[in-house]
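User: I've got a model open and I'd like to learn how to read its features. Can you walk me through it?

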Amino acid sequence: MSHNIQLKNPHLEGMPSDYLYHLAINVPDTKNTGDIQKQFGDVRVICTGGTAIRMLELAKYLGKLLGVEDTSEPVDLCAKGHRYALYKVGPVICVSHGVGSSTFSVVLHELLKLVHYAKCQDPIFLRIGTCGGIGVTPGTVVVTKDAFNGLLRNEHEIAILGERVVRPAQFPESVIKDILAYGVRPDDGFQIISANTMGTDCFYEGQGRTDGAICEYTAEDKMKFLHKCHDLGIRNIEMEASFFASITQKIGVKAGDICVTLLNRLDGDQVNAEKKEEFEHRPFLVVGRYIQQLLKK
């Protein structure tokens, strides 16, 4: 049975209006959200990714793939906010979230409220991104199972009211299973795997890189750390997975994290710029096929 998501904030019930500030979307009457439902009520999938240009490219790609009647250039529906970009193509919205869990946190809270006010039925949240691989061939697409934080714990840690709050960080097996079942074809020319992911708060030191502005550990320390990650089943490192898994798991909404590895960190820290564009398109293929099958249900 389809259902609208239920948020975990009793204070929202007492708010007569709600301005989703960073999206520049106003909900003038939280008890009568007809206009929001008309604009966003048909949304089934919320795709998120780091940059505005990548989300525009994804929106164009999905529009063609899904046969959306409106073939005009997708419009940024939150351009007035000057922070994030949001494009709607049929029952899918594509939204940029910036780099890392801090910027993602802002927009994800507001997206969850948006689909709640719009009364979207069983929405699925997806993150499409790039990452560093650990012991996998560059260009491999990784679908996250368990998300680990920078302390190598399968959880997300956040400070709330001056206290340390820890939440579990797993993605639902049903979403992983369907992505692997529908998103892969034998002739793709690249591998797609399901594995654990580490989401860090820092791109350089937090990921054990030796090419940042500060580095106070040896190359041997780095390799020991990366092999420890590998032993935990971690096959890629990025900056959003543990937060993304924890919030969606807390709310009870289905979600998936699909990232392509730009390099194998066991071989070095520098990204191959020549392959970057080709690799970035691979999650588009996987997610597009998954969404096609999802919309048939």
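Analyst: Sure. Helices are DSSP runs of at least four residues, numbered from the N terminus. Keep in mind that this is a predicted model. Let's start with one residue: His281 sits in helix 7, which covers residues 273–296.

User: Is His281 buried or partly exposed, and why?

Analyst: Buried means under 20% relative accessible area, and exposed means over 50%. His281 has 34%, so it counts as partly exposed. Looking at the fold around it, the C-alpha atoms of His281 and Gly139 are 9.9 Å apart, although 142 residues separate the two along the chain.

User: How do I read a helix that has a buried side? Take helix 4: which residues are buried there?

Analyst: The general idea first: an α-helix has 3.6 residues a turn, so residues three or four places apart point the same way. In helix 4 (residues 173–182), the buried ones are Val175, Ile176, Asp178 and Ile179. Viewed down the helix axis, they fall within an arc of 165 degrees, so they line one face of helix 4. Glu173 and Lys177 are exposed on the other side.

User: What covers the buried residues of helix 4?

Analyst: The cover includes strand 6, strand 7 (141–148), strand 10 (192–199), strand 12 and also helix 7, the home of His281.

User: Now the pockets. What volume does the largest pocket have, and how many residues line it?

Analyst: Its volume is about 460 Å³. The lining has 24 residues, and Arg54, Val99, Thr130, Cys131 and Phe203 lie nearest the centre. By class, that lining breaks down into eight nonpolar, nine polar and seven charged residues.

User: Which element gives the most to that lining?

Analyst: Strand 6, with five residues. Strand 6 (124–133), strand 11 (234–238), strand 12 (254–264) and helix 7 each supply at least two.

User: And the nonpolar cores: how many residues does the largest one have?

Analyst: A core here is a set of buried nonpolar residues joined through side-chain atoms within 4.5 Å. The largest has 71 residues, and Cys47, Leu111, Phe125 and Leu126 have the most contacts inside it. Helix 3 (residues 101–117) provides the largest share of this core, eight residues. There's also a second, separate core of eight residues, with Phe148, Met198, Leu226 and Ile237 among them.

User: What does Leu111 touch?

Analyst: Leaving out residues up to four places away in sequence, Leu111 touches Leu23, Ile46, Thr48, Leu86, Ile93, Val95 and Phe125.

Key
Residues are numbered from 1 along each chain as its sequence is written. This is a predicted model: local features need pLDDT of at least 70, side-chain atom pairs count only at pLDDT 80 or more; totals for chains, interfaces and linings use all residues. Side-chain values use heavy atoms; hydrogens and water are left out. Buried means under 20% relative accessible area, exposed over 50%, partly exposed in between (1.4 Å probe, protein chains only). On a 1 Å grid over the protein atoms alone, a cavity is a set of points where a 1.4 Å probe fits but cannot get out, and a pocket is an open set with protein on both sides within 12 Å along at least five of seven lines; lining residues have an atom within 4 Å of a point. Grid points are joined across faces, edges and corners, and a volume is the space filled by probe spheres set on the points. Ala, Val, Leu, Ile, Met, Phe, Trp, Tyr, Cys and Pro count as nonpolar, Asp, Glu, Lys and Arg as charged, and the others, Gly among them, as polar. The arc is that of the directions from the helix axis to the C-beta atoms. Contact means heavy atoms within 4.5 Å.
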